[in-house]
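Biologist: Before I accept any label on this model, I would like to hear the reasoning behind it. Please take me through a few.

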Amino acid sequence: MAAKKYNGFKTNITEAIKNFKSYQQSRAKCFKTMVDIQASAYCLACDPNWSSNGVNQDGTINYSPDICTRIQSDCYDYVKNQQLQNRFLFLKYRANMITEMTNQFKLIESVINNQDHFSIDNIPGAPPIS
């Protein structure tokens, strides 16, 4: 069971490392699209004919369906790649926790092995039992 989990962990890390370049490329593409759309909105705000270009009286903007399609097209890969990177970060966090727990168990084991009479009071850093 442990070997299966380790192999799954190793596979996920390998996938995340291989995926990092495409993650960065897709992130750049998505952010460029979002900045372009935002810049277009700023340009529209300065347009003297703003009322005929999709701006409502309250200042909200009516986006065309093309904008939504563009966001979906240019940001889908980023969202998909981000999920894999998040899995990697989660696994890295878990690996650090496992390492810390292993070190604590080794400390306890060394205390037990070096004591003729083991009790919880002999563990360094353990709170005294009242």
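The exchange below concerns a predicted model and some of the labels given to its residues.

Biologist: What does the secondary structure of the chain come to?
Modeller: The chain has two helices and zero strands.

Biologist: Why is serine 26 called buried?
Modeller: Its relative accessibility is 7%, and buried means under 20%, so serine 26 counts as buried. Serine 26 belongs to helix H1, residues 2-46.

Biologist: What makes the link between the side chains of serine 26 and asparagine 81 a polar contact?
Modeller: The distance is 3.1 Å, and the limit for such a pair of N or O atoms is within 3.5 Å. The side chain of serine 26 also reaches the backbone oxygen of tyrosine 23, at 3.0 Å.

Biologist: Why is the pair of tyrosine 23 and tyrosine 78 called stacked?
Modeller: The ring centres are 6.0 Å apart and the planes differ by 20°. Pairing needs centres within 6.5 Å, and planes under 30 degrees apart count as stacked, so the label follows. Tyrosine 23 lies in helix H1 and tyrosine 78 in helix H2, so this pair ties together parts 55 residues apart in sequence.

Biologist: Why is the pair of phenylalanine 31 and tyrosine 78 edge-to-face?
Modeller: Here the centres are 5.8 Å apart and the planes stand at 85°. An angle over 60 degrees counts as edge-to-face, so this pair is edge-to-face.

Biologist: How do you know whether phenylalanine 31 is buried or partly exposed?
Modeller: Its relative accessibility is 44%. Partly exposed lies between the 20% and 50% cut-offs, so phenylalanine 31 counts as partly exposed. Tyrosine 78, at 17%, is buried.

Definitions and conventions: Residues numbered from 1 in each chain as written. Predicted model: local features only at pLDDT ≥ 70, side-chain atom pairs only at ≥ 80, totals over all residues. Heavy atoms only, no water. Helix = DSSP H or I, 4+ residues; strand = E, 2+ residues; numbered from the N terminus. Buried < 20%, exposed > 50% of the residue type's maximum accessible area, 1.4 Å probe, protein only. Polar contact = N/O pair within 3.5 Å; in protein donor to acceptor, adjacent residues only side chain to side chain.
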